[in-house]
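Work through the exercises below with the coordinates open. Try each task before reading its solution.

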Amino acid sequence: MKKVLLLSLSAMFILSSCVSKKEFTDLQAKQKETQDLLNSATVKLNSCIADKASATARANALEEQIADLRKSNDNLQVLSAKGASNIEKTLESMKEKDLKITRLQDAITKKDSVTLALVTSLKREVGINDPDIEVNVEKGVVFISIADKLLFKSGSYIVTAEAKNVLAKVAKVVNSKPDFECMVEGHTDSRSYQKGDLLDNWDLSVKRSTSIIRVLETLDVNPSQLIAAGRSSYVPLVDNDTAENRAKNRRTRIVVLPKIDQFYDMIEKEMKNLEASN
C-alpha cells in the first residue's frame, strides 16, 4: 500500500477550504489505530480459532467417553457426579467462547463486505477498462486514482469539462454512501512549477484538490464528507526520470473510506469480550 501521508503544508500555502493540519493528523492517526486494532483482532481471532479446534477435539473425546460409560451400569457408577458436572461446564464454556469468536468474525467480515461493495460500485460507475482511472483497495481503504490529463490542462488547476463526467460518476457513488468520507489528494511530478498565482508544486497540488472538491459540491456531495489534501511531488508512483513517468506521477487520488469510528468501536468491543473470556 502506498500509505496516505499527512498533508504538512506551511501556513502560508494552505487554502482556507483545506482541512486543518490537526484534523488531517487526527484522521490519519485514527485510521492507523483502527488498522492496528484490526490486525491485532485478526491475530487474536486466528489464535482463538486454533484454541476452539483443540477444545472441540477434547469435547468430542469427552462426549465419546460419556457415551461409552453410559453403555454399562458398572461404568455409570464410575462416572462421578462431579466429573459429569465438570464436563458439562467445559462444554458450556466452549459454547460461550465460540459465540464471542463468531461476533468478532462478523465485525471484521462486515468491514470487508462494506469495502468490497464500495469497490464494486465504483468500478461499475467509473469503468474498469480506462487505463487512466484505477480503483483498488489497500489495507481496507479504497483508492480512485485519476490521471492528470483527464482532469486538468498542463499547469492549470481549472477542472476541464470532460473531467466533470468522470467526477459525476464518483459523486454518484459517494452520494449513495453518506457514512463515508472522501479525501481528494493532488499529486504533481518533481519539476518545480511557479506561474501566476501558483507559488510552487505544493500550491498547485492543493489548488487542484480544492478545485475538484468544488466540482463535487456542485454534484450535491455533502461538504462534511470531503477533505482537501495536496501531496506535491513527494509521493511518486515511479521515478521522475522520463516524460512518461512524470505523467504517471501527475494525478489526483480520491480516498474513500468508512467513517473510522463505526468499525473501530465495533471491533474494539469484540476484542474486549474475547480478552475478558481468556
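The exercises cover confidence, the sheet, its helices and the largest pocket of this predicted model.

**Exercise 1. Confidence**

Task: Find which elements of the chain have the lowest and the highest mean pLDDT.

Solution:
- Start with the whole chain. Its mean pLDDT is 75, and 66% of its residues reach 70 or more.
- Now go element by element. Helix 2 (residues 73-78) has the lowest mean, 56. Helix 6 has the highest, 95.
- Check residues 1-18 too. Their pLDDT stays under 50. The model has 48 contacts beyond four places in sequence for this stretch.

**Exercise 2. The sheet**

Task: Give the order of the strands in the sheet and state whether it is open. Which strands stand at the edges?

Solution:
- Five strands form the sheet, in the order 1-2-5-3-4. The sheet is open and its pairing is mixed.
- Strand 1 and strand 4 (226-230) each have a single partner strand, so one side of each lacks a neighbour in the sheet. These two are the edges.
- On average, neighbouring strands are turned by 20° against each other, direction ignored.
- Take one pair in detail. Strand 1 and strand 2 run antiparallel and are joined by six bridges. Asn-136 has Phe-143 in strand 2 as its bridge partner.

**Exercise 3. Helices on the sheet**

Task: Identify which strands helix 5 lies across, and which strands helix 6 touches.

Solution:
- Helix 5 (residues 161-175) lies across strand 1, strand 2, strand 3 (180-187) and strand 5. Helix 5 runs at about 170° to strand 2.
- Helix 6 (residues 201-218) packs on the sheet and touches strand 3, strand 4 and strand 5. The direction of helix 6 makes about 160° with that of strand 4.

**Exercise 4. The largest pocket**

Task: Describe the lining of the largest pocket. Which strand gives the most to it?

Solution:
- The largest pocket holds about 440 Å³ of space.
- Its lining has 21 residues. Nearest the centre lie Glu-134, Ser-145, Leu-237, Lys-248 and Arg-251.
- Sort the lining by class: seven nonpolar, three polar and 11 charged.
- Assign residues to elements. Strand 1 (133-138), strand 2 (141-147), helix 4 (148-151), helix 7 (243-249) and strand 5 (251-258) each supply at least two.
- Strand 2 gives the most, with four residues.

Definitions and conventions: Residues numbered from 1 in each chain as written. Predicted model: local features only at pLDDT ≥ 70, side-chain atom pairs only at ≥ 80, totals over all residues. Heavy atoms only, no water. 1 Å grid on protein atoms, 1.4 Å probe; cavity = no way out; pocket = protein on both sides within 12 Å on 5 of 7 lines; lining within 4 Å. Points joined across faces, edges and corners; volume = space filled by probe spheres on them. Nonpolar A, V, L, I, M, F, W, Y, C, P; charged D, E, K, R; others polar. Pairing = 2+ DSSP bridges. Axes fitted to C-alpha atoms, helices over the stretch in contact; angles between N-to-C directions. Contact = heavy atoms within 4.5 Å. pLDDT = per-residue confidence, 0-100.
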